[in-house]
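Me: I am new to reading protein models and would like to learn how the terms are used. Could you go through this one with me?

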Amino acid sequence: MHTAISMNKTELQDNVLSDFSEGYYGLSIEDRRELLMVLAKEYDLNRTYVRDLMKQYLGLQLPAGDKGEIGVEDDGSLSTFYRTEKHLRHALQPTYEVLFERLNTHPGGLKFLSVLRANILSTIKEHNIPSLRALDSYLKEKLITWLSPAALELHHITWDDPASLLEKIVAYEAVHPISSLLDLKRRLGVGRRCFGYLHPAIPGEPLIFIEVALLKNVAQTIQEVLWDDPPILECDATCALFYSISSSQPGLAGINLGKFLIKRVIELVKQDMPHICTFATLSPIPGFMSWLISKLASQSKLAEAETIDMSGSSKESTGSTFREDVLTAEEEREVLDKLGESTSGKTGIEIILNLLKSPNHEWSKSDRVLLVLKPILMRLCARYLLQEKKRGKALDAVANFHLQNGAVVVERLNWMADRSEKGLSQSSGIMVNYMYRLDNIEENAQSYFSSGHVNAASDLWRLVE
């Protein structure tokens, strides 16, 4: 690694970079982490030198007023500023930048850098230290530049593509796993489309791909998309439904290739099939159940603490500051009346919490339980999507992805739209439709980026209210 960074002989760099990358691939996870710690700490920028240059720069006298405007007569006196600024720019570049730049132009180097960043992200989970975060941030910025839309090729993936590419589609499908070759063939056949972004430096491997179903109407369940047979005639379709977007490279996490992919796919589908007038998604809500169970559990504990604390003292319980009515009074009565016969003394929150945590999702197999839970879970899911925030943006990762990519509105929640183990575990089976309009993608993305406001159909807002 040190040789790859420090050597100047161009003709030998390829051999050294090959030796380094091959050696790195052969390391254990622990040894990779150790190497990355060395890279982050010992090949960072020289802060002593940076401070000296900053002191030198601050000590210079501005040649032309307090703004330092450039005039012909000032060229000589400004040369010191230019020289010092040049040195400062170079000093602010960490030493490991040389390694990244050289690997990017090396055969297989971009793929290697993606693997390297995936390992950096994994290491940060174990050792969340500033130097590692700085290493990750720097490499991420480089990858964003190198993976600009101009460098990416949009490829329509079909059954006639090489087997090696199709195998990667099967391996990397992260939303709805592909169960068989027949399933794969159907997803690439009549009434379906699959598009992926390829980069010339990583041939035959889509960095990200999107699966599309051509339908008469916006689907409400994933079963309609994956298992209903046969598909409609493509000439009868009016809706292009995006039902799966998967990235093949964990090391590209946080690099938003999906924004460019969705917009270009909409343009391409619209060009090939002008009769398609609706562009929507059928999306998972991966964070809903973990948020809900955490919310129910914390409120249950606070209620229990308040009950214990009520010992005649007039002092307000500290827990009451964080208490909230997760269930309405009507929902509480409904749960106790319909589901509380064998849970004497338990609150509605405790009953729902126990049901949702039951093994094998037993709650989802009872029509009686579903009848009670449906309005409650749908209301709380609408609240989660529209009101729960992280740094001013939607808390749910998929919601944030589509909104920052220009989705115009959160259109509809779909009850029991995904009854798979994954669907029930992540979102109690609920899925959501986001709508896209080609003319408003950039405007919507900018609006969400600046304000964090989530546009949603009136039915969803009524659920929340």
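Me: Why is the pair Arg-187 and Glu-173 called a salt bridge?
Reply: A salt bridge needs a side-chain nitrogen of Lys or Arg within 4 Å of a carboxyl oxygen of Asp or Glu. In this predicted model, the side chains of Arg-187 and Glu-173 meet at 3.6 Å, N to O, so the pair fits the rule. Arg-187 lies in helix H10 (residues 181-187) and Glu-173 in the loop between helix H9 (163-172) and H10, so the pair ties together parts 14 residues apart in sequence. Helices here are DSSP runs of H or I, at least four residues, numbered from the N terminus. The structure holds 17 salt bridges.

Me: Which values can be used, and how are residues numbered?
Reply: Residues are numbered from 1 along each chain as its sequence is written, and side-chain values use heavy atoms, leaving out hydrogens and water. As the model is predicted, local features need pLDDT of at least 70 and side-chain atom pairs count only at pLDDT 80 or more, while totals for chains, interfaces and linings use all residues.

Me: How do you know that domain 1 touches domain 2?
Reply: An automatic or database assignment sets the domain bounds, giving domain 1 (2-149), domain 2 (150-281) and domain 3 (288-464). Contact means heavy atoms within 4.5 Å, and 13 residues of domain 1 are in contact with 19 residues of domain 2.

Me: What is the buried area between domain 1 and domain 2?
Reply: About 1,300 Å², 61% of it on carbon and sulfur atoms. Buried area is the accessible area (1.4 Å probe) that two parts lose on being put together, summed over both. In domain 1, Lys-111, Leu-147 and Pro-149 lose the most area to domain 2, together 46% of what that side buries.

Me: What makes Lys-111 and Glu-205 a salt bridge?
Reply: Their side chains meet at 2.9 Å, N to O, so this Lys and Glu pair satisfies the same kind of rule as before. Across the interface of domain 1 and domain 2, the rule finds one salt bridge.

Me: Which helices supply the side of domain 1 that touches domain 2?
Reply: Helix H7 (109-126) and helix H8 (130-146) each supply at least two residues. H7 gives the largest share, six residues.
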